[in-house]
There are 2 protein chains.
Amino acid sequence: MNTQFETLLSEVNRKISDLEFESSAKNLYDPISYTLDLGGKRIRPVLTLMSNLMFGGTNEQAISAALAIEIFHNFTLLHDDVMDHAEIRRGKPTVHKKWNENSAILSGDAMLIVAYQHLSKTNPDKLPLVLQVFSQTALEVCEGQQFDMEFETRSDVTASEYLEMIRLKTAVLLGCALKTGAIIGGADENQQEAIYKFGELIGLAFQLKDDLLDVYGDVSKFGKNIGGDIVSNKKTYLLIQALHHANAHQKEALNTWIKSVDFDRDVKIKAVTEIYNQIGVKQIAETLMTEYYNEALNYLKKLGLETEKTAPLLNLAEKLMYREF
Amino acid sequence: MNTQFETLLSEVNRKISDLEFESSAKNLYDPISYTLDLGGKRIRPVLTLMSNLMFGGTNEQAISAALAIEIFHNFTLLHDDVMDHAEIRRGKPTVHKKWNENSAILSGDAMLIVAYQHLSKTNPDKLPLVLQVFSQTALEVCEGQQFDMEFETRSDVTASEYLEMIRLKTAVLLGCALKTGAIIGGADENQQEAIYKFGELIGLAFQLKDDLLDVYGDVSKFGKNIGGDIVSNKKTYLLIQALHHANAHQKEALNTWIKSVDFDRDVKIKAVTEIYNQIGVKQIAETLMTEYYNEALNYLKKLGLETEKTAPLLNLAEKLMYREF
């Protein structure tokens, strides 16, 4: 028998593959279909549907909003890839490589509009609030991307700046996905806020998990991508904390690796990981991650729902929290 | 005493200058304020307010939607300038020149979201329809830009393809601006459709007017920009019709000018204008423009409103139609 997660995931995937764009402007819409067909975990739309069901809604009421959030998420990936000059997304060429940069900009714009088209199908009773939450979140995601870009050229990013950036860039959209489902499902205001906070906090925990997996993931499962953040000097929570807590000797070694241009990939990963281990950044990150996660669970309890109602969401959060890749 | 147009224009300009973005992501929002502060004729939001008043609405009910449409329009200019590598917009550096390309992409995205935020303040009764019209129009504008980009590398663009492109890229937004005001003002469905068609048709007429002014405008009023389309080989209605109706000799001369890299600006303008005159493309364009305009006026009559109700809109259309710059 399928779990609720699996059932909702198939529903989302079926709806996404059913999306069609009837227009003679083929070159505008093909990159949208391509982007959506690249796949992904589809966590956000599933969260919307789960939250909606949890508060007594039906799938039909929430599916358009769920799709809107997934389309929005994929739009951000499309434009982020242009801004980051990324060549590969989920093993395939990015839109601006497969088509060109102008196509990627314009099709991304259209994709954001398509997201709003789906969101607008929400029951008129709930529509103004759903739109308000979505637009505010969408702007916050842009703010997160803005900070992320600014951090690239800064060497003094603090841990709290980093956490605020990932809150905006990734966590708020999980909160929005859940809150949207809650609004549509008929949750009261306190419940809407509590499920939003739950989403935001698991979002923060998941991002720290991502940062940790890049360095400490199981090579056999995470594959050759292990150490990618180290190789590219990505300012993760681990690197920021390492630089913050390093002694003079460790700081010099880290900065030498950051500045080095010609290096053996594996040697750099091993050396930087060794410094991380000396400083104990794994523990620092895991402690914060666990704090976020536990705080999230407290918000879930605050909903005042029976355990079996919140069980699917809790299971999904656990699965993502204890994943090894 | 101010005309209705002047009163509404000040209202729009005041509301636009009152827009503020409270966020620490200064570099995300500054380009939005900059773009909106560049000015422009503000035709679209004024059309929304005029249409709304014409059907019995109040300014307060329609102002957010009017702002949304103006913000959307300016968003399209911002992203179009990136795609066209334009350096100047309304006499000032474009956003991607003043900041950088990534800023222009991301701030444009945020601007589109801000447009939806304003649109979402529309009365919940009218909101679903207003959103539907806006999103469909917004996608059509993207389709128009897509075709415009594709036409740049094609030498076989037909007049009907060109007209469809300008319909999508510019005319539908005028229709949308008017229809949105009509919906909010309480117009019935037939009136909504008629005012939309009026807007679309005057939009087509105005674009043909633009094409004509570039070649046949009053130099003393249109200034040094006269002939800009000819210099850049822009595929306007005039050039497309000229190539279509040219005899072998004229076609060869036109193509020689199009291909020439090293030329005196004034000599090229004079030579191409001379060929246009031989072929009579001015008359061809003016005939079609007048047809569109007269058809538009028929739709205005179909509204079944007293003459004094439609007078402000008619005056504005006439002013734009018979402008010399």
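**Entry 1: the two domains of chain A**

I looked up the C-alpha centres of domain 1 and domain 2 of chain A, which lie 22 Å apart in this predicted model. Domain 1 of chain A covers 1–187 and domain 2 covers 189–325, with bounds that come from an automatic or database domain assignment. Their contact takes 25 residues from domain 1 of chain A and 23 residues from domain 2 of chain A, where I take two residues to be in contact if their C-beta atoms, placed from the backbone, lie within 7 Å. On the side of domain 1 of chain A that touches domain 2 of chain A, I find that α1 (4–18), α3 (43–54) and α8 (159–185) of chain A each give two or more residues, and that α8(A) gives the most, with 15 residues. Helices here are DSSP runs (H or I, at least four residues), numbered from the N terminus.

Two notes on conventions: residues are numbered from 1 along each chain as its sequence is written, and chains are lettered from A in the order in which they are written. As the model is predicted, local features need pLDDT of at least 70 and side-chain atom pairs count only at pLDDT 80 or more, whereas totals for chains, interfaces and linings use all residues.

**Entry 2: chain B against chain A**

I laid chain B on chain A by a turn of 180° and a shift of 0.0 Å along the axis, with an RMSD of 0.0 Å (least squares on the C-alpha atoms of residues with pLDDT of at least 70 in both). The two copies are thus related as by a two-fold rotation axis. The same surface serves both copies, as 100% of the contact residues of chain B recur in chain A. I note 32 residues of chain B in contact with 32 residues of chain A, and α7(B) gives the most to the side of chain B that touches chain A, with 14 residues.

**Entry 3: helix α14 of chain B**

I then turned to α14(B), in which I269(B), V272(B), Y276(B) and I279(B) are buried (20 or more other C-beta atoms within 10 Å of the residue's own, against 12 or fewer for exposed and values in between for partly exposed, with C-beta atoms placed from the backbone). Seen down the axis of α14(B), these buried residues fall within an arc of 95°, so they line one face of the helix; the arc is that of the directions from the helix axis to the C-beta atoms. The face turned away from the buried side of α14(B) carries the exposed residues D266(B), V267(B), K270(B) and E274(B). Just after α14(B), G280(B) takes a positive phi of about 85°.
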